[in-house]
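Please examine the sequence and the model shown here, and follow the chain from its overall content to its individual elements.

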Amino acid sequence: MLSVLDLAGSDARTTEDIFTGVSQSMPLGRVYGGQVLAQSMVAAARTTPEGRHVHSMHGYFLRPGDSAKGITFAVDRIHDGRSFSTRRTQAFQEGVPIFSMIASFQDEDPGIDHQAPMPEGVPAPEELPDIESHLQGLHPMSKRLFTDRPVDLRHVPSPIYLTVEGERTPRQAVWMKVRRSIPDSPDIHRAALAYLSDLTIQESILRAHGVPWATRGLKVASLDHAMWWHRFGRVDEWMLYVQESPSARGGRGLATGRVYAQDGTLLASVAQEIMVRVPAAPAAPASAQD
C-alpha cells in the first residue's frame, strides 16, 4: 500500500502538475477504487502549501482501471486562498480518464467543536474473530483476495463474503486498521484512510437484502465517493467504521459511514453510491397440480 502511494513526479508539464504511479496486483485485474482515490489525494497534496491538509473530497469512478498498467495523475491548481486550497485530480490510463476528483485542503484553524458520539455496545476488535476464521473451505486463490490485503478487518455482526447471517438490516460496523505501523506523515494517514474507506461501505446495501459477495452473477461497481476528514487519526490503530444505507432503488444504492478512533473520536464521514445488480431468483418449478 505504501509503495503505490509513493507517486513519482514527472518532468512533463502542461498547465497541470503530472505524477505517475503503479497499482497493487489484483487477482481480477481491476484497479481497486480506494487505491486510485488515495493516490489522487497524494498527488493533490504534493501541490499544496506546507501544513495544509485535505478536509474534503468528491470523486467519480469513470471507468474500470487495469492493475497491470501504470496510472498518470494530472493535478489542476484551481485555487489557493489564505486558508484553503482547491485541487482537481484526474487519473488516466492510456490517455483516458478512469477517476476524477475535486478536493479541498485547509490550514489547521481553531473553532467550534462537536461530534456525533460513537455507538455504544459494539464489541472491541480483540473480542472478534479475524478474517481468516471466516474463510474456512474457500479456495486458496479466493482467500488471497482477503489475506493479501494490507488491512485487518473485524465485522460486527459478521462478514457477508459467503453468507449473510442474522437480521437483514441496512447497517453494520467494521473495525479496521492497516496491519503494521506506517510513517507519521498526516497526509499518508489521511490518504490511507481514504484507501480503507472504500473497502466495506457497500456492504450495508447488500446486507439489507441478504446478498453475500459470493452471489453468482452479482455486479457491484462504485459510482462516486465523498469523504470529509474531521480530525486526525492513525490508520495503524483500530478504527470503527459505522455504516448504513438510507436508500436503494433503480439499480443504485447509497451508503454512508462514520469512522471513529477507538477512544470515540470522530475522524471522518463518508458517502458512496454504487451500481448494484442482483440476479433474479429462478422461478419455482410448477407442481403436478398446476
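The paragraphs below treat the whole chain, then the sheet, and then two helices that lie on it.

The model is predicted. Its protein chain contains five helices and twelve strands. Of the 290 residues, 47% are buried. Among contacts with a separation of 6 or more, 73% join residues 24 or more positions apart. The chain exposes about 14,800 Å², of which carbon and sulfur atoms supply 52%.

Twelve strands form an open sheet with antiparallel pairing, in the order β1-β2-β4-β5-β6-β3-β9-β12-β11-β10-β8-β7. The edges are occupied by β1 (8–9) and β7 (151–156); each has a single partner strand, so one side of each is left without a neighbour in the sheet. Strands of a sheet pair through backbone hydrogen bonds, in either a parallel or an antiparallel sense. One antiparallel pair consists of β10 (residues 239–249) and β11 (residues 252–261), joined over nine bridges. Within this pair, Met-239 has Ala-261 of β11 as its bridge partner.

Helix α2 (residues 33–45) packs on the sheet, where it touches β2, β3, β4, β5, β6 and β9. The direction of α2 makes about 50° with that of β6.

Helix α4 lies across β3, β7, β8, β9, β10, β11 and β12, and runs at about 145° to β9. How far should the twelve residues of α4 (residues 186–197) span? At 1.5 Å a residue the expected span is 16 Å, and the end C-alpha atoms are 16 Å apart, which agrees. Nine of these twelve residues are buried, so α4 is largely enclosed by the rest of the structure. The buried residues include His-189, Arg-190, Leu-193 and Tyr-195.

Definitions and conventions
Residues numbered from 1 in each chain as written. Predicted model: local features only at pLDDT ≥ 70, side-chain atom pairs only at ≥ 80, totals over all residues. Heavy atoms only, no water. Helix = DSSP H or I, 4+ residues; strand = E, 2+ residues; numbered from the N terminus. Expected span 1.5 Å × (residues − 1). Buried < 20%, exposed > 50% of the residue type's maximum accessible area, 1.4 Å probe, protein only. Pairing = 2+ DSSP bridges. Contact = heavy atoms within 4.5 Å. Axes fitted to C-alpha atoms, helices over the stretch in contact; angles between N-to-C directions. Areas by Shrake-Rupley, 256 points an atom, 1.4 Å probe, with all protein chains shown as cover.
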